[in-house]
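Please open the model in a viewer and keep the sequence at hand. The tour proceeds by selections, each followed by a description of what is found there.

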Amino acid sequence: MIGVSASSNVTVENNTFTSCYMYGVQSNNASSRTIVRNNRFSEMGKRVLNTSCVSCRGTDFIISGNALTDYGYCGISVGEWYKGSKKHLCTGVVEGNTLTCSDEYLANIANVGLMDGGAIYLRTKMDGVSIRNNRIQGFSGMGSNRGIFCDDGAYNFEIVGNVITGIANSYCIDS
């Protein structure tokens, strides 16, 4: 895992993350201008907890051009949890990412899937986040798994131009 804590101008680009038990890249609210671009993530979240391949909570993040396959609870998460401390703005863009689950992964979902997740997961506290032009195909879990999930009264975001197909047990977008 790459953890970005209270740091500015960190770029994670053109890497491959495979068979990780927790996160791939996690950037906290005290970090600004984190860029996660053109990476490959596969077989992530193998510990079967509420983790994601990429998580950004800070100012002016960019998550773009990444390919995520078989990623567990959620592929990309942004924003701060409703009970979490947010001392800095949470702003950024999630665009042009591809999130897929293979047929083999979906056939084994009873052993690897969780419930109440989203391929792209928006936590509550944000100050301006754009989710645009992403492709989500084939996401499932043990129940209520969405393509884009805006949880716990999420606010200050926009969702534009995404293509979402094959959500097995809930909505393509749920807010």
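Begin with the aromatic side chains of this predicted model: the structure contains five aromatic pairs. Select Phe-17 and Phe-41 to see one of them. Their ring centres are 4.7 Å apart and their planes meet at 10 degrees; because planes under 30 degrees apart count as stacked, this pair is stacked. Colour the two strands involved: Phe-17 belongs to strand β3 (residues 16-18) and Phe-41 to strand β6 (residues 40-42), so the pair ties together parts that are 24 residues apart in sequence. Are these two residues buried or exposed? Phe-17 is buried, with a relative accessible area of 9%, and Phe-41 is buried as well, at 1% relative accessibility.

Next, select Tyr-73 and Tyr-121. This aromatic pair is tilted, with 5.7 Å from centre to centre and 45 degrees between the planes. Tyr-73 is located in the loop between β9 (67-69) and β10 (74-78), whereas Tyr-121 is in strand β13 (residues 118-122); the pair therefore ties together parts that are 48 residues apart in sequence. Both Tyr-73 and Tyr-121 are buried.

Add Phe-149 to the selection. Through ring pairs, Tyr-73, Tyr-121 and Phe-149 are linked into a cluster. Then display Arg-146: its charged end sits over the ring of Phe-149, at 3.6 Å from the ring centre.

Now hide the side chains and turn to the strands. Select β1, β4, β7, β10, β13, β16 and β19, which in that order make up an open sheet of seven strands with parallel pairing. Which strands stand at the edges? They are β1 (2-4) and β19 (173-174), each of which pairs on one side only. Within this sheet, zoom in on strand β7 (residues 52-56) and β10: the two run parallel and are joined by four bridges. Show Ser-55 here, and Ser-77 of β10 will be found opposite Ser-55.

For the second sheet, select β3, β6, β9, β12, β15 and β18. These six strands form an open sheet in that order, again with parallel pairing. Its edges are β3 and β18 (163-167); each has a single partner strand, so one side of each is left without a neighbour in the sheet. Neighbouring strands of this sheet are turned against each other by 5 degrees on average, with direction ignored. Inside the sheet, β9 pairs with strand β12 (residues 98-100) in the parallel sense over three bridges. Selecting Leu-68 leads to Leu-99, its bridge partner in β12.

The final stop is Asn-145, in the loop between β15 (135-139) and β16 (146-150). With a relative accessibility of 1%, Asn-145 counts as buried, because the term applies under 20%. Which backbone atom does the side chain of Asn-145 reach? It is the backbone nitrogen of Gly-141, at 3.3 Å. Expand the selection to the surroundings of Asn-145: leaving aside neighbours within four places in sequence, its contacts include Leu-114, Met-115, Asp-116, Gly-117, Phe-139, Ile-167, Asn-169 and Tyr-171. To close, draw a C-alpha to C-alpha distance between Asn-145 and Cys-74: these residues are 71 places apart in sequence and 9.1 Å apart in space.

Methods. Residues numbered from 1 in each chain as written. Predicted model: local features only at pLDDT ≥ 70, side-chain atom pairs only at ≥ 80, totals over all residues. Heavy atoms only, no water. Phe/Tyr/Trp six-rings, centres within 6.5 Å; stacked < 30°, edge-to-face > 60°. Buried < 20%, exposed > 50% of the residue type's maximum accessible area, 1.4 Å probe, protein only. Lys NZ or Arg CZ within 6 Å of the ring centre and 35° of its normal. Pairing = 2+ DSSP bridges. Axes fitted to C-alpha atoms, helices over the stretch in contact; angles between N-to-C directions. Contact = heavy atoms within 4.5 Å. Polar contact = N/O pair within 3.5 Å; in protein donor to acceptor, adjacent residues only side chain to side chain.
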